[in-house]
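Today I am going through the aromatic rings. I want to see how they pair, and where charges sit over them.

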Amino acid sequence: MEQAPPDPERQLQPASLEPLGRPDDDDLEAAVSEEAEGAQEEGSGVDTMTENNFSLKKIEISVSEAEKRTGRNAVNMQETYTAYLIETRSVEHADGQSVLTDSLWRRYSEFELLRNYLLVCYPHIVVPPLPEKRAEFVWHKLSADNMDPDFVERRRIGLENFLLRVASHPILCRDKIFYLFLTQEGNWKETVNETGFQLKADSRLKALNATFRVKNPDKRFTELKHYSDELQSVVSHLLRVRARVADRLYGVYKVHGNYGRVFSEWSAIEKEMGDGLQSAGHHMDVYASSIDDILEDEEHYADQLKEYLFYAEALRAVCRKHELMQYDLETAAQDLASKKQQCEELATGTVRTFSLKGMTTKLFGQEAPEQREARIKVLEEQISEGEQQLKSKNTEGREFVKNAWADIERFKEQKNRDLKEALISYAVMQISMCRKGIQVWTNAKECFSKM
Amino acid sequence: TDINSFSPMMPTSPLSMINQIKFEDESDLKDLFITVDEPESHVTTIETFITYRIITKTSRGEFDSSEFEVRRRYQDFLWLKGKLEEAHPTLIIPPLPEKFIVKGMVERFNDDFIETRRKALHKFLNRIADHPTLTFNEDFKVFLTAQAWELSSHKKQGPGLLSRMGQTVRAVASSLRGVKNRPEDFMEMNHFIEIFSQKINLIDKISQRIYKEEREYFDEMKEYGPIHVLWSASEEDLADPLKGIASCIEECCTAIEKRMSGLSEAVLPVMHEYVLYGDVLMGVMKRRDQIQAELDSRVEALTYRKADADLLTEEIGKLEDKVECANNALRADWERWKQNMQSDIKSAFADMAEENVHYYEQCLATWESFLTSQTDLHLEEDSEDRL
């Protein structure tokens with residue numbers, strides 16, 4: 001059973017929804033396949049989304065065009081960048097017709113801003129990654145230039161994939177800023193910044209500190225961190241070697257093209273062999289040029305793997321947040337315990353712990369009982385406040401673990417589905433390459449035999 | 001017609017006469033079988049050299065025995081080639097492998113070099129054996145049958161070094177004249193040889209380049225497969241397809257190796273031999289031109305009355321015969337050579353195409369079986385879900 005390499009859009013499952021209404025799975029799939037066939041170049045996906053939490057419409061998102069622009073940047077210097085056209089269509093349930101509801105242009109940096117916002121506001125979610133900023137894992141024919149049309153085209157597809165991933169996520173799809181990203185052209189950046197999300201962001205230093213000093217993180221997160229490190233390392237290795245394999249394969253095919261030229265020149269002096277040489281040469285040319293399409297298809301496969309390479313970082317971000325919260329909790333608990341002990345010591349008069357006050361008391365005489373009472377009272381207030389905080393931190397921590405883990409399970413299933421399909425599509429590509437090879441060489445063999 | 005004007009040995013047995021007439025069916029009536037094998041290194045105080053074992057099996061009457069085993073070194077082959085060229089200046093003597101390959105040689109005698117040379121020497125002797133005229137050459141017989149000391153003493157006979165050198169100098173001086181009066185068909189032949197040499201050189205280089213690129217492709221694929229196995233170690237649900245892909249890649253690597261070995265046996269030696277044939281052909285052309293030049297210079301001398309007219313006329317008569325024989329010998333051998341060339345080239349490329357078809361068929365089978373296993377599994381899982 002042969003399948004064409006699937007578009008990532010086609011794989012997206014409908015988001016599971018709140019009781020407001022659930023689109024029929026069959027309808028959704030029908031709409032997806034129709035659109036996918038009709039819009040091979042652009043690609044599209046059908047997803048549901050709430051609009052201001054009131055009504056549900058089936059919508060399609062596509063990043064349909066890319067355009068080179070020039071403008072002035074923050075320091076008033078001329079720069080060239082690429083802008084991408086995002087079109088949103090709503091699908092009327094009854095007749096399946098789609099109507100263009102919004103269309104606006106965004107550049108890569110705005111996508112980055114959206115993603116950073118989502119990362120900060122939904123730390124328990126494995127936030128879909130963006131396609132790479134600069135071309136990596138290139139082999140000799142591919143350009144490392146950001147302006148190269150092939151790179152831009154693959155990036156366009158990657159950005160569309162990103163939007164579709166967000167739109168099909170049960171929680172992220174409801175975000176207002178995401179909705180505005182698709183619908184509000186002007187002032188969107190200001191709107192995002194006004195939310196003040198940058199203030200909520202955890203400092204990298206704080207997170208690093210927590211990672212080192214946390215004592216009791218949930219084991220599952222520790223394992224997940226190791227998994228994501230391994231995933232990153234093995235997939236990047238795979239992509240590097242794949243690029244080298246592609247390079248070599250390119251070389252093998254292209255050198256055969258030289259046969260074509262020489263056969264043709266040689267055929268000029270041959271009476272009997274001439275025709276055979278000439279037509280065999282033609283087949284060599286066909287063989288040599290067939291590699292271009294083959295490797296272009298493989299680039300799409302590489303992009304599918306790359307997405308999960310970048311997902312590894314998203315996984316680590318969730319783990320880091322957990323470690324941070326856990327460390328915070330442990331520190332708060334430690335603080336509370338030490339305050340309780342201090343209080344106890346003051347009350348009973350025993351000094352078990354070292355404190356400056358204790359030392360000065362020993363040296364300079366005991367303090368007055370009223371002072372001691374005052375201090376105990378302060379500590380008791382702090383302790384009661386601390387206990388409340390600890391309780392809420394505990395609850396927050398447990399909520400976080402529960403929600404994060406739910407999303408991680410969702411992610412795992414998505415990853416297994418997507419990667420399995422990618423691997424199968426790789427096999428399909430190889431099969432197609434082999435069939436072409438058999439055909440060309442069978443034709444060439446016939447020409448040689450007739451010489 | 002008998003083109004053996006310069007061979008001291010006339011065919012005597014009926015079997016070998018049949019051989020002479022039937023050029024195409026040489027292999028059916030073969031009565032001389034030669035193999036070259038077992039390279040051995042010999043170290044003396046002066047030098048180190050390799051000898052090759054040569055086994056000859058024959059039913060020919062003029063041979064004292066039906067089986068011979070001798071050892072020969074490259075120098076001996078060079079000697080044989082020289083003698084054949086001397087005896088048959090306008091026959092196309094098969095090429096010898098190069099003396100040494102300057103590019104990329106670390107030691108003079110690495111295993112690949114010796115093996116390639118051995119195969120080429122085997123081809124050389126068999127081509128001579130298959131040639132209707134050369135096969136009866138006396139020096140050839142001595143080469144195949146004489147013991148080492150016998151060969152040494154045989155080599156010392158014949159025109160001395162100095163006289164041979166003298167001939168060469170005169171030949172070079174007069175070769176240009178021969179070119180001017182070259183008959184039309186030899187002009188065409190020369191043109192063919194020039195273009196052919198060019199093209200076969202390119203083909204040889206392209207083929208070597210393909211071999212090199214395939215090796216590098218193989219090396220990368222060898223590294224590529226195992227990474228999938230490594231990945232499968234950290235994945236539960238994906239372990240099966242990942243390992244499947246790794247094993248497909250491994251099988252493709254085996255197929256690549258087979259394709260490479262096919263290329264190196266069927267194509268590379270053939271192309272290289274014909275590159276060397278290019279030089280051989282140019283040499284034959286030159287010698288023909290020299291023989292013609294000799295005649296032309298005598299004719300010129302007669303025209304300008306440089307010497308005794310009667311003597312010159314006699315000489316010219318002999319030389320005219322010589323030229324005609326040389327030209328006819330070359331014409332016949334040329335046709336034979338061209339036919340062989342076409343057949344060899346056609347075979348080589350057809351084999352190459354066959355190797356490639358086979359390679360892709362193998363890879364196709366392996367990937368298709370992987371795909372089936374994955375989609376079958378998929379269907380199994382689906383039906384389990386529905387239950």
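**Ring contacts**

I began with burial: A:Tyr259 and A:Phe263 are both buried. The model I am reading is predicted. I then looked up where these two residues lie. Both belong to helix α9 of chain A, four residues apart, which is about one turn of the helix. Next I checked their geometry. The ring centres of A:Tyr259 and A:Phe263 are 5.4 Å apart and the planes are at 15°, so I logged the pair as stacked. The cut-off for stacked is under 30 degrees.

I asked for the total. How many aromatic pairs are there over all chains? The count comes to 33.

One of them is A:Phe221 with A:Trp405, which I entered as edge-to-face. The distance is 5.2 Å centre to centre, with 75° between the planes. What does this pair tie together? A:Phe221 is in helix α9 (residues 219–267) and A:Trp405 in helix α12 (residues 369–449), both of chain A, so the pair ties together parts 184 residues apart in sequence. I noted A:Phe221 as buried, and A:Trp405 as buried too.

I then followed linked ring pairs. They join A:Trp266 with B:Phe192, B:Phe196, B:Tyr274, B:Tyr277, B:Trp334 and B:Trp337 in a cluster. The members of this cluster come from chains A and B.

**Charges over rings**

Last, I looked up arginines over rings. A:Arg69 has its charged end over the ring of A:Trp105, 4.7 Å from the centre of that ring. For A:Tyr81, I found A:Arg107 over the face, at 3.8 Å from the ring centre.

Conventions. Residues numbered from 1 in each chain as written. Chains lettered and ligands numbered in written order. Predicted model: local features only at pLDDT ≥ 70, side-chain atom pairs only at ≥ 80, totals over all residues. Heavy atoms only, no water. Phe/Tyr/Trp six-rings, centres within 6.5 Å; stacked < 30°, edge-to-face > 60°. Helix = DSSP H or I, 4+ residues; strand = E, 2+ residues; numbered from the N terminus. Buried < 20%, exposed > 50% of the residue type's maximum accessible area, 1.4 Å probe, protein only. Lys NZ or Arg CZ within 6 Å of the ring centre and 35° of its normal.
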